[in-house]
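Please open the model in your viewer and keep the selection panel at hand. The tour moves from one pair of helices to the sheet and then to the interior.

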Amino acid sequence: MPYTTTKEILKNAAENNYAVCAFNAENIEMIRAIISGAGELSAPVIIQTTPSTVKYLGCEYFYAVVKIAAENSKIPVALHLDHGENLDLIKYALDSGYSSVMIDASKEAFEENIEITKKAARLAGGFNIPVEAELGRVGGKEDNIGSEDSESIYTNPDDALEFVNQTGIDSLAVAIGTAHGLYKSTPKLDIDRLSEIKKLVNIPIVLHGATGLPDSLIEECVKRGVNKINFATELRRVYTNAIREKLDSDKTIIDPKIYGAYAGFCVKELVKEKIRLSGSAGRI
C-alpha cells in the first residue's frame, strides 16, 4: 500500500463514522510493532513523532524507516508531526518527507493562534500536505506537551467554526476534558460539547490525551464524531515495562534484539486493542 497522507486516511474515517489510531513512536521497534499490528487487523494507521523525539533522532530517520515499512505493508500508513511548536519545525518535517503535520499554537490567544496556523497551512499547502491544529488547550503535561495546568481550556464550538474557516486546516484537535500523560482519576469529558463542534465543523475531529481513558468513553467519542485518536504514554509505558520484565526474567540477556522483540510484541498487542476500540479494524 502507498505511504499516504492523513487527509486521505481521515476522509474515509469521517465518511464512515470511525476513528483512525495515531500512535507515537520512539524507535524502529515501535514503528514495526505499530504497522504490524495495524496490518494484522487490516486497519489504516498514523505514526507520530513529538518534537522531543525529533530532537532525539531526526525527521529524516523516522521518514526513511516509516516509508520502507509502509511500502512493505498492506495498509495505508501516514507519518505525522505531533504538536509542531513552530514553523521551522514544520518546515523541517515537510522537507524530510512527512505526510502530515500539526501546528500547535493553542497556548496563544485566539487571533494569534489563527495567524500562526494560517502560516503553517500555507507552508504545508506548498507541499500538498495536510495540517492539524488545536483550539482550546488539552490539560496535563507529558514529553513537554500540553500545559502545567491540569485543567483543559475547553474548545468553544462557535470559535471552532471560525477557526476552521479562517485557517483552512484539514483536521482539528479539540479540548473536551482530556489531558496529556497519565490520569490521576477518571476524567469527566464534555461529550455534548464534542457533538456541538461536530455539527458545525466539516473536517475530521482529533482527540488528544486518550491514554488511560475508559473504553466506554473512547467509544462514545468515536460515536460523537472523533476521527483520529492519539495514543502516546501507554505505548511508552508498555514498551519500557516489557523490557524491564524481559531483563528481570533472565539476567544473562545482553542482546538488544531479544528484549526489543519482546517489547515490540507487547506494543503490537496494545496497538491491536486500540484499533479494535476505534472501529478502524477491517477498513482496508
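Select helices α7 and α8 to begin, which make a right-handed crossing (a crossing is right-handed if the near helix is turned clockwise from the far one by less than a right angle, and left-handed if anticlockwise). Helices here are DSSP runs of H or I with at least four residues, strands are runs of E with at least two, and both are numbered from the N terminus. The model is a predicted one, in which local features need pLDDT of at least 70 and side-chain atom pairs count only at pLDDT 80 or more, whereas totals for chains, interfaces and linings use all residues. Residues are numbered from 1 along each chain as its sequence is written, and side-chain values use heavy atoms, with hydrogens and water left out.

The axes of α7 and α8 (residues 191–200) come within 9 Å and cross at roughly 35°; axes are lines fitted to C-alpha atoms, for helices over the stretch in contact, and angles run from 0 to 180 degrees between N-to-C directions. Show the side chains of Pro 157, Asp 158, Ala 160 and Leu 161 in α7, which meet Arg 193, Glu 196, Ile 197 and Leu 200 in α8, where contact means heavy atoms within 4.5 Å.

Next, select the strands β1-β2-β3-β4-β5-β8-β10-β11, which form a closed barrel of eight strands with parallel pairing (two strands pair if DSSP finds at least two bridges between them). Neighbouring strands of this sheet are turned by 25° against each other on average, direction ignored. Within the barrel, zoom in on β2 (residues 45–49) and β3 (residues 77–84), parallel strands joined by five bridges; Gln 48 has His 80 in β3 as its bridge partner.

Add helix α2 (residues 28–40), which lies across β1 (20–24), β2 and β3 and runs at about 165° to β2. Helix α7 (residues 157–167) also packs on the sheet, touching β5 (131–135) and β8 (171–174), and its direction makes about 150° with that of β5.

Now turn to the interior and select Phe 23, Ile 47, Leu 172 and Leu 235, which touch the most other members of the largest nonpolar core, a set of 73 residues. Such a core consists of buried Ala, Val, Leu, Ile, Met, Phe, Trp, Tyr and Cys residues joined through side-chain atoms within 4.5 Å, with buried meaning under 20% relative accessible area for a 1.4 Å probe and protein chains only. Helix α11 (residues 256–278) supplies the largest share of this core, seven residues.

Notes:
Buried means under 20% relative accessible area, exposed over 50%, partly exposed in between (1.4 Å probe, protein chains only).
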